[in-house]
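The following paragraphs offer a guided reading of a single protein chain. They proceed from the surface to the interior.

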Amino acid sequence: MPRLFTALEIPRNAAMSLSLLRGGLPGARWIDVENYHITLRFIGDVDGRTADEVVDRLDRIDRPEFQIRLDGIGSFGSKKPHSVWAGVSPSPEMNALQAEIERICQRIGLPPDPRKFMPHVTLARMKSARVDDVVHYLAGRGNFQTTQFTVPRFVLLSSRDSVGGGPYLTEEIFPLHEPLSAPSAASSFLQPVKSLA
């Protein structure tokens, strides 16, 4: 079975902004633009029955669309940096969606995700980058930010690549619903009418 994980997709204009961050870091293996995503929950290698159950439960999630922006960049691995990433602005809706997916995964018997959810888009992976080079790279790009964009859905992705970084395949798409707006004129017909009698 391929490795499965849930994620948010990055729209093209934000992905193009991210692509401008490529380069200038010796030893970095840059992620292809079409593989940018925000991982919500790593599920891993599961059997077909478990995968079907995950899909069935995720399909029942009923949450509204929300807005986020990519904001700032950083790296993982302070003494031995292994990846650089773009951050995501805080979003209660995104955190609630991620928490619901985590609960679903645990209910069907998957172990809890040991890592604290820290939304990000991986830009590059590194094996032998020098700390000084990473610090220099980050210092020149610290004010990175995209415009806000709407998240209309989340996806179940699979990866058959043992190294990580793609290519990823979209296995399932789970739409989010449009947020409820102010009551429209039509809804006023639903209000109780005072009796004239």
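**From a surface loop to the core**

Proline 90 is found in the loop between S6 and helix H3 (92-107). The model under discussion is a predicted one. At a relative accessibility of 79%, above the 50% cut-off, proline 90 counts as exposed. Its C-alpha atom is separated by 10.0 Å from that of glutamine 67, a residue 23 residues apart from proline 90 along the chain.

Strand S6, on one side of that loop, belongs to an open sheet. In this sheet 4 strands are arranged in the order S2-S7-S6-S5, with antiparallel pairing. Strand S2 (28-30) and S5 occupy the edges and have a single partner strand each, so one side of each is left without a neighbour in the sheet. From one strand to the next, the twist averages 30°. In general, the strands of a sheet pair through backbone hydrogen bonds, in either a parallel or an antiparallel manner. Here S5 and S6 pair in the antiparallel sense over 5 bridges, and isoleucine 73 stands opposite alanine 86 in S6.

The helices can be considered next. In helix H1 (residues 12-19), the residues Ala14, Ala15, Leu18 and Ser19 are buried. Viewed down the axis of H1, these buried residues fall within an arc of 145°, so they line one face of the helix. Which strands are included in what covers the buried residues of H1? Among the covering elements are S5 (70-76) and S6 (83-88), together with S7 (120-126) and strand S8 (149-151). Helix H2 (residues 48-58) contains threonine 50. This threonine 50 has a relative accessibility of 17%; because that value is under the 20% cut-off, threonine 50 counts as buried. Beyond its neighbours within four places in sequence, threonine 50 is in contact with Ile108 and Leu110.

Aromatic residues provide further links. A search of the whole structure finds 4 aromatic pairs. In one of them, the ring centres of phenylalanine 5 and tyrosine 168 are 5.2 Å apart and the ring planes stand at 85°, so the pair is edge-to-face. This pair links distant parts of the chain, since phenylalanine 5 lies in strand S1 (residues 3-9) and tyrosine 168 in strand S10 (residues 168-175), 163 residues apart. Phenylalanine 5 counts as buried at 5% relative accessibility, and tyrosine 168 counts as buried at 17%. A further pair joins tryptophan 30 and tyrosine 137: the ring centres are 5.8 Å apart and the planes stand at 50°, so the pair is tilted. Because tryptophan 30 lies in strand S2 and tyrosine 137 in helix H4 (residues 131-139), the pair ties together parts that are 107 residues apart in sequence. Both tryptophan 30 and tyrosine 137 are buried.

The interior remains to be described. In soluble globular proteins, nonpolar side chains tend to be buried together. The largest nonpolar core of this model has 52 residues, and those with the most contacts inside it are Leu8, Leu18, Leu70, Val84, Leu123 and Phe154. The largest share of this core, 5 residues, comes from H3. Apart from residues up to four places away in sequence, valine 84 touches a set of residues that includes Leu25, Trp30, Val121, Leu123, Val134, Tyr137 and Leu138. Both members of the tilted pair, tryptophan 30 and tyrosine 137, are thus among the residues that valine 84 touches. A second, separate core of 5 residues includes Phe5, Ala7, Leu157 and Tyr168; the edge-to-face pair of phenylalanine 5 and tyrosine 168 is found in this second core.

How values were computed. Residues numbered from 1 in each chain as written. Predicted model: local features only at pLDDT ≥ 70, side-chain atom pairs only at ≥ 80, totals over all residues. Heavy atoms only, no water. Helix = DSSP H or I, 4+ residues; strand = E, 2+ residues; numbered from the N terminus. Buried < 20%, exposed > 50% of the residue type's maximum accessible area, 1.4 Å probe, protein only. Contact = heavy atoms within 4.5 Å. Arc of directions from axis to C-beta. Pairing = 2+ DSSP bridges. Axes fitted to C-alpha atoms, helices over the stretch in contact; angles between N-to-C directions. Phe/Tyr/Trp six-rings, centres within 6.5 Å; stacked < 30°, edge-to-face > 60°. Core = buried A, V, L, I, M, F, W, Y, C linked by side-chain atoms within 4.5 Å.
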